[in-house]
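Reader: I have a structure to study for my course. Could we go through it together?
Author: Certainly; please place it below.

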Amino acid sequence: LSNERAMDQRWKMSKLLSLNGPSGIGEVVEVPGTGIQFTQIRDPNSPAHNIGTQKQAFLYLPGVDGSGATLRFQQKDLARKYDLWVMSIKPDDRSMFEDIVAVTRDLLSELKNRRSDSVSPAIVMGV
């Protein structure tokens, strides 16, 4: 993403997820050719260099609304303890279930490669 577009995406996601601005948004991964996006929610009180790499990954898969916004009441607490990622799917996306599973598996594999061996496996939660 370009810097301007990335900041715009962070603002939009921070509003959707009821965050206090883009400082609560870490990495944003858009899956090319789809309306699927993974957004890292971070604890603004954690040092930037410490975000994610030593925490257990927690991936939240959205419900039928596809937004991932139903997690908004728990996300601050979860971001303190976990490397929290939220999947969102645009309303006009028509990805097949198998494709969604594949991109989710790819993200989990990438997150696993970033972590030290001492970090527990990722937690995946869906509603």
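Reader: Let us begin with β2. Which of its residues point one way, and which the other way?
Author: Ile-36, Phe-38 and Gln-40 point one way from β2, whereas Gln-37, Thr-39 and Ile-41 point the other way, and all are buried. Buried means under 20% relative accessible area, exposed means over 50%, and partly exposed lies in between, with a 1.4 Å probe and protein chains only. Strands (E, at least two residues) and helices (H or I, at least four) are DSSP runs numbered from the N terminus.

Reader: Where do these numbers come from?
Author: This is a predicted model, in which local features need pLDDT of at least 70 and side-chain atom pairs count only at pLDDT 80 or more, while totals for chains, interfaces and linings use all residues. Residues are numbered from 1 along each chain as its sequence is written, and side-chain values use heavy atoms, leaving out hydrogens and water.

Reader: How many residues of β2 are buried?
Author: Six of its six residues are buried, and β2 is mostly covered.

Reader: What is the order of the strands in the sheet?
Author: The five strands form an open sheet in the order β1-β2-β4-β3-β5, with mixed pairing. Two strands pair if DSSP finds at least two bridges between them. The edge strands, β1 (25–30) and β5 (123–126), each pair on one side only.

Reader: How many bridges join β1 to β2?
Author: Four bridges join them, and the two strands run antiparallel. Val-28 stands opposite Thr-39 in β2, and Ile-25 has Ile-41 of β2 as its bridge partner. The hairpin of β1 and β2 has five residues between the strands, and there Gly-33 takes a positive phi near 80°.

Reader: And how many join β2 to β4?
Author: Six bridges join β2 to β4, and this pairing is antiparallel. Here Ile-36 stands opposite Ile-89 in β4.

Reader: Which strands does α3 touch?
Author: Packing on the sheet, α3 touches β1, β2, β3, β4 and β5, and its direction makes about 160° with that of β4. Contact means heavy atoms within 4.5 Å. For the angle, axes are lines fitted to C-alpha atoms, for helices over the stretch in contact, and angles run from 0 to 180 degrees between N-to-C directions.

Reader: Now the interior. Which residues make up the largest nonpolar core?
Author: That core has twelve residues, including Val-31, Ile-36, Phe-38, Trp-85 and Leu-111. A nonpolar core is a set of buried Ala, Val, Leu, Ile, Met, Phe, Trp, Tyr and Cys residues joined through side-chain atoms within 4.5 Å. At least two residues of this core come from each of β2 (36–41), β3 (57–61), β4 (83–89) and α3 (97–114). The largest share, four residues, comes from α3. A second, separate core of eleven residues includes Ile-25, Phe-58, Leu-71 and Tyr-82.

Reader: How many aromatic pairs are there?
Author: The count comes to one aromatic pair. Phe-58 and Tyr-82 form this tilted pair, with 5.3 Å centre to centre and 50° between the planes. Rings of Phe, Tyr and Trp (its six-membered ring) pair if their centres lie within 6.5 Å; planes under 30 degrees apart count as stacked, over 60 as edge-to-face and the rest as tilted.

Reader: Are Phe-58 and Tyr-82 buried or exposed?
Author: Both Phe-58 and Tyr-82 are buried.
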